[in-house]
Every structure is written in structure tokens, then in C-alpha cells.
Protein chains: 2
Amino acid sequence: MTVVEDRRSRRTRGALRDALVSLVLERGYAAVTVEDIVAAADVGRATFYTHFKDKEALYDHVVSSVLHDLKERLAEVLAPEDAGFTGQPVAEVFRHATEQPDAYRMILRGEGDGRGLRAFEDAWSTTAHETFSARVKANAVRPRVDLQVLARAWVGEQMAVLLWWLDAPEPRPATDQVVDTLVELSRRGRFWATGFDPDER
Amino acid sequence: MTVVEDRRSRRTRGALRDALVSLVLERGYAAVTVEDIVAAADVGRATFYTHFKDKEALYDHVVSSVLHDLKERLAEVLAPEDAGFTGQPVAEVFRHATEQPDAYRMILRGEGDGRGLRAFEDAWSTTAHETFSARVKANAVRPRVDLQVLARAWVGEQMAVLLWWLDAPEPRPATDQVVDTLVELSRRGRFWATGFDPDER
DNA sequence: GAGATCATAGACAGCGTGTCCAGAAACAGT
DNA sequence: ACTGTTTCTGGACACGCTGTCTATGATCTC
């Protein structure tokens, strides 16, 4: 366990991280070589290999950093109230994404053959499933929908909208507004609109 | 325009197609080389290059075949009734996916740096957006939710569940059942359950 | 300042790529 | 069954990128 990382290491790792993300967004993961990365990061090629085994390892490092960060954030928000449904966790994800939009974009686009995407999806839908189960238990209800499907659907929806939002031209719609929409969708269904009830027909 | 393709071409292209898909599912797109593909397809390496520029071209070919196929299918289903909401288009996608589950898996997992995934998502959400717009107009309602967000959310949800379903161990839950769940989710919202109304709290 | 740690250039073998060729094989139409 | 056309094939080629190693210089920490 390194207590505090050497400044040089911090600098190079950070530079490599940033270089990877921006190059991937520019050309696509497969088209980016280690030589490109070290050139963009202004780092010797040999140095790259003292930090990461290969391009894939660097990519995985980025993904797990993001995921680790996010989990810490969510832990704070999720702890207090457990059974009620607020949009808070979703809002937190959106907020986190605005802080490092490029890394999120890279992941959500499926760069790296979707490995980051899947890691994200799995982590998130596990959390979602647990939350749903807890809520069902706490409220003593019998869900009409398989919770697995529910969790997957919920997460898929979030991620799709999040990516759409991140890719939208600035100024983006306000975070709260998009999150409200998502929550509203979940509560009342997709066709909630004035004077339109899908059961009419 | 080739009227009828030479049998040899058909055979090799088919073999390459299948080889790519199964190898990608096995090892991941990046780890598959052209040499692997031709070995699995039992085809000379030189032959590969007379058909496709590179691995990427083969991948794109697979994706666009699937997408082309799907569009034809959907055209039949979408034409008759336009304003009502049946789960028919969704069901058709699921049916189509069962006919070539591996290709779908490859695409939906984000293999190929998510290019297939994005192509799929764009095509599908464009269709969804058009359908929603038409329905809103036909029913003269004022939607409470931005239709762009709606379309993205809807499609993201479908794709996530579809992948989950394809990756589920056999025997998979019946298509109709999963589709019904999705439709029900859309109609009434995510928390539709006996005795559980999210507005209670 | 001293000792530890990190960065770097350059050299190396290895692998996969994409292109070319010339001969063999399989094809479609008559 | 014959013929002209198209496709398949292995082998050879240069090239670019990879991952490893070493020796030297630079930069950190305390």
C-alpha cells in the first residue's frame, strides 16, 4: 500500500489517463496505439510500460477509477433513507458524470469492446436490484414484475439517457430536469401525458 | 448489382461471418485476429482480403446485415396500425434476435468499440421518436416528457433487457412474457405492483 | 545531500497486417 | 462436356506496433 504516490507517478499516470480518454473519443479505442498515447501525454514509451501492462490495462484503470469514485459518492447518498424513492442516486450519477464527462462518454459509448459498459451496467444493476428488493420487502408488496428485469430495464434507461445527455450540445438541459423526467417516467409510465391514457384504446 | 452471388462467395462470406461472431463472443473483438478468423472459417488468408478490407469491414458487414434484416421485418409490422400501442414491434425484435442470438449478443455487448451498438441504438430510437411523434399528433395530446428523452429511454430499456434475456441461461423465459413485462412497465411505470403506489409516501 | 525511485532513449525479436502474384480449383451457361 | 470467367490459395514481402530490456540521467522524499 503506497500511502502517498510519488508526484512523478501521479503526473504521468494522470497524463496517460487523460491522453487515452481524449484520443479514444477522437478516433475510437481500436485506432489508438500506445505510441499515440505516450505522444499525447508527452511521456517516454518505456515509461508507459512501467505503469501499465498494455493499453487494455490503462483502460481498465480508468474504468475502475470512475467506478470506485462513483461508489463512494453513492454510499453517502444511499445510506440515509432506504425505502423511499427519491431521484437522489440518479442525480448523483449525473453530477458525477459532469465532472468527468469524457471518461463517461468513453465508457458509455462502449469503447474498449464494451468492457467498461458492462462493468458499469453490472455494478449499477446489482445496486438497483438490491434497492428494489429492500423496498419491496419494506413495503410488503408483491411486485408484478420480475425484479431482475426491472433492474436491467431501469439501468439501461438511465445509461441511455445519460449518454444522450452527455453527447448533447452545450448548453445541456439542466441535470435536475432530466432526472425529474426519468423519475416521473418510472413512477407513472412512459405515456404519462395530459389527456392520454394508453388504456383508453 | 450482382443478381445472384457466386456460390463460393456466399459460402466463404457466410463462414467468415460466423467465425467472426463466435470468436468475438469467445475472446472479445480486440483479441480476434484475421488469422484466427480465417483459421476458424477454414479459408485462406488471401481470400479474406478479396472480400473485406479488414476485420472492421467484416464486422460492419455483419452489423448492417442484421440491421437491414430487422428493418424489413419491422416495416411489415409497423405499417398496419400506427397510433395504437401494441408491443408488436418489440416482440418482433425479440423474435428476430432469437434467430441469430450470437450476432445480437456481439452487437449489444458493445464489441467493436460499440459501433454496432450505436448503429442499432440510433436506428431504433429514430424509429421510436417518429412513432411517438405520430402518436402524440394523432391523439392530440401534450406530452409531459421530451420525446427525445422518451425515445432514448425506451430504446435503452429494450436493449438492456434484450441483452439480459439473450445472455440468460436456457431455457429462457418466454418471449411474450418478457415483452409483456416491458409493455406493462411502459404503460404504468416501474413500480406498478399490487398495493404499492409510489405516491403514497 | 544521500538514497531511493522514476523517466528515458534506443535496441531488439516477435507478431499481425495488408498487398501482390501465379497457379489451381470451382463455377455458370451453353 | 467444354469454355471462359470467377474465386480460392499459399507463399513472399515490407511495414508498423508491441512488449521487454538495459544503462544513464533526472527527480523525488526525508
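In the predicted model, A:D42 occupies the loop that connects helix 2 and helix 3 of chain A. The phi angle of A:D42 is near 55 degrees, a positive value in a residue other than glycine. A:D42 counts as exposed, because 9 C-beta neighbours fall inside 10 Å. A second aspartate of chain A, A:D113, likewise has a phi near 55 degrees. A:D113 is placed in the loop between helix 6 (101–108) and helix 7 (115–139) of chain A. In contrast to the exposed A:D42, A:D113 counts as buried, since it has 24 C-beta neighbours inside 10 Å.

Cis peptide bonds were also identified in loops. In chain A, the bond from A:E170 to A:P171 is cis, with omega near -5 degrees, and A:P171 belongs to the loop between helix 8 (147–167) and helix 9 (175–188) of that chain. In chain B, B:E170 and B:P171 are joined by a cis peptide bond with an omega of about -5 degrees. B:P171 is situated in the loop between helix 8 (147–167) and helix 9 (175–188) of chain B.

Helix 9 of chain A also contains A:T181. This residue is classed as partly exposed, because 19 other C-beta atoms lie within 10 Å, whereas a buried residue requires 20 or more. When neighbours within four places in sequence are set aside, A:T181 is in contact with B:V145, B:D146 and B:V149. Within chain A, the C-alpha atoms of A:T181 and A:V93 are separated by 15 Å, the two residues being 88 residues apart along the chain.

The largest nonpolar core comprises 95 residues, of which A:L20 and B:L20 touch the most other members. Beyond its neighbours within four places in sequence, A:L20 is in contact with A:I37, A:L58, A:Y59 and A:V62. In soluble globular proteins, nonpolar side chains tend to be buried together.

The surroundings of DNA strand D were examined next. Twenty residues lie around this strand, and those that come nearest are A:D54, B:R8, B:T12, B:G44 and B:A46. Both protein chains contribute helices to the surface near the strand: at least two residues each are supplied by helix 1 (7–27), helix 2 (34–41) and helix 3 (45–51) of chain A, and by helix 1 (7–27) and helix 3 (45–51) of chain B. By residue class, the surface near DNA strand D consists of nine charged, six polar and five nonpolar residues.

Definitions and conventions
Residues are numbered from 1 along each chain as its sequence is written. Chains are lettered from A and ligands numbered from 1 in the order in which they are written. This is a predicted model: local features need pLDDT of at least 70, side-chain atom pairs count only at pLDDT 80 or more; totals for chains, interfaces and linings use all residues. A residue is near a molecule or strand if its C-beta atom, placed from the backbone, lies within 6 Å of it. Helices (H or I, at least four residues) and strands (E, at least two) are DSSP runs, numbered from the N terminus. Ala, Val, Leu, Ile, Met, Phe, Trp, Tyr, Cys and Pro count as nonpolar, Asp, Glu, Lys and Arg as charged, and the others, Gly among them, as polar. A residue is buried if 20 or more other C-beta atoms lie within 10 Å of its own, exposed if 12 or fewer, and partly exposed in between; C-beta atoms are placed from the backbone. A nonpolar core is a set of buried Ala, Val, Leu, Ile, Met, Phe, Trp, Tyr and Cys residues joined through C-beta atoms within 7 Å. Two residues are in contact if their C-beta atoms, placed from the backbone, lie within 7 Å.
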